[in-house]
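Please look through the sequence and the structure shown below, and keep both at hand while reading the report that follows.

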Amino acid sequence: MRTNRRTFIKQVAVTGAAAAASGGARMVQAEAEIRPELKAFKERWQALPRQSGLKIKSIETFVQGTNLGLVRVRAEDGSEGFGQLSPFDADVSALILHRKLAPLALGADPYDADTLADRCIEANYKYPWSFVCRALCGLDTALWDLRGRREQKSVCQLLGGTAKTIPVYGSSMSRSIQPKAEAERLVRLRDEKGFRAFKIRVGKVCGHDQDEWPGRTAELVPTVRQAIGEKVALLVDGNSCYTPAKAIEVGRMLEQHRVWHFEEPCPYWELEWTAQVAAALEVPVAGGEQDNDLAQWRRMIRLRAVDIAQPDICYVGGITRAVRVAMMAAEAGLKCVPHSANLSLVTLFTAHLFGALPNAGAHMEFTIEKDGWTGGLYAPAFQVVDGRVAIPDGPGWGVTINPDLLAKAEKQISQR
Ligand SMILES: [Mg+2]
């Protein structure tokens, strides 16, 4: 089983579905192909200058409600960049940014995001991860925008990527939707926007083996698979629902329906449980969206708890730390598909990173839910055409933040 599974994983994770049908020789070739790209990526990353000669002069937050918090960093020469605190309880992250991180960042070189990230983590070692990383994301992503604007390059270009379109998977966030209705809307989106992959939700969030309602998962998966057809990839997310035995049982059913990946089958903190599931199943296991401790990431990868790494740029603390996770995954021969589950700036950050990674997965996550609190946040908004979105090619993030939103937001500034 293990040999078969490893073969399957490498074929799917490294080369995509086409290779899954073409056997081991192709797999070995693909592994050899990824290494020079990783080497080149790492060399570019290490060669990026960490000194600009400037100092960070001010850090501003613009918070709207509790979901959204934008950050503007200015250097002493007037150059500036926008970033975003992690969504959800962004008002709390703004408080952390000003009180706990700004004193560490003001006066630092805006190009030295690496040192700054470590300094922010280490100085807050009594308050590990979570909100420190959520706040750090605001600072880090603003620094990347600032650098891109100064150098007239997109963040994707700074990371060694090029402006291009990338395939996305349509990601359902709903567990309340009926299986038939879910299948119908996915077929509609497939036909209207050309999606070639979708993700659906199984089980219940942190569900202790329970379904959202009895029988939903067993009905949903075959219903959707049949409706969208065999040419469309089907991804499934368990959101920490299952114990290992139940996850393996569900996973076997998913394999029968040719599921592309099984995400977060077990409570995500139970690495050994997830590793047990991953070892037993053929279907690749994806995970890591909640994980923000790089040592935990190292353990997760070493245990082979996941076959596809899904760091969330906002939860993990920004582009700088997400790159470190992606490189760890690449070293281990794993694909990286950062978690980007809403249309705030996190999907924009992810597109730039995705376009540059040597081990980016087959498609980037793209929500299919209504934009709600993210509506009108920046322009131009992403448009899905033929199942793909374009990475903005302007300087920095390549978008304009809605000035009305900035004007109306609750503002706070830390400055030297
Ligand atoms: Mg997920």
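## Two helices and a shared core

Helix α14 (residues 319-331) has 13 residues, which at 1.5 Å a residue should span 18 Å, and its end C-alpha atoms are indeed 18 Å apart, which agrees. The expected span used here is 1.5 Å times one less than the number of residues in the helix, while helices (DSSP runs of H or I, at least four residues) and strands (runs of E, at least two) are numbered from the N terminus.

This is a predicted model, in which local features need a pLDDT of at least 70 and side-chain atom pairs count only at pLDDT 80 or more, whereas totals for chains, interfaces and linings use all residues. Residues are numbered from 1 along each chain as its sequence is written. The protein chain averages a pLDDT of 93, with 92% of the residues scoring at least 70; pLDDT is the predictor's confidence in each residue, from 0 to 100. Over residues 6-29, however, pLDDT stays under 50. Where pLDDT is low, the predicted coordinates should not be read in detail.

In α14, the residues I319, T320, R321, A322, V323, V325, A326, A329 and A330 are buried, where buried means that 20 or more other C-beta atoms, placed from the backbone, lie within 10 Å of a residue's own, exposed means 12 or fewer, and partly exposed means in between. Just after α14, G333 takes a positive phi of about 80 degrees.

Helix α9 (residues 216-228) also invites a close look, and its buried residues are R216, T217, L220, V221, V224 and I228. Seen down the axis of α9, these buried residues fall within an arc of 115 degrees (taken from the directions from the helix axis to the C-beta atoms), so they line one face of the helix. Their cover includes α8 (179-193), β5 (197-201), β6 (233-237) and α10 (244-256). Just after α9, G229 has a positive phi of about 90 degrees.

The largest nonpolar core has 110 residues, of which L139, F198 and L234 touch the most other members; such a core is a set of buried Ala, Val, Leu, Ile, Met, Phe, Trp, Tyr and Cys residues joined through C-beta atoms within 7 Å. Helix α6 (residues 130-151) supplies the largest share of this core, 11 residues. Domain 2 (56-152 + 404-415) and domain 3 (157-400) both give residues to the core, so it lies between them, the domain bounds coming from an automatic or database domain assignment. Leaving aside neighbours within four places in sequence, L234 is in contact (C-beta atoms, placed from the backbone, within 7 Å) with residues including F198, V224 and I228.

Y315, found in helix α13 (residues 313-316), is buried, with 24 other C-beta atoms within 10 Å. Beyond four places in sequence, the contacts of Y315 include S86, C133 and E289.

Most residues other than glycine have a negative phi, and most peptide bonds are trans. The table sets out two residues other than glycine with a positive phi.

| Residue | Phi | Loop | C-beta neighbours within 10 Å |
|---|---|---|---|
| Q152 | about 55 degrees | between α6 and α7 (155-158) | 10, exposed |
| R304 | near 55 degrees | between α12 (294-302) and β9 (308-309) | 16, partly exposed |

Finally, the peptide bond from A379 to P380 is cis, with omega near -5 degrees, and P380 has its place in the loop between β12 (378-379) and β13 (388-390).

Terms used. Contact = placed C-beta atoms within 7 Å.
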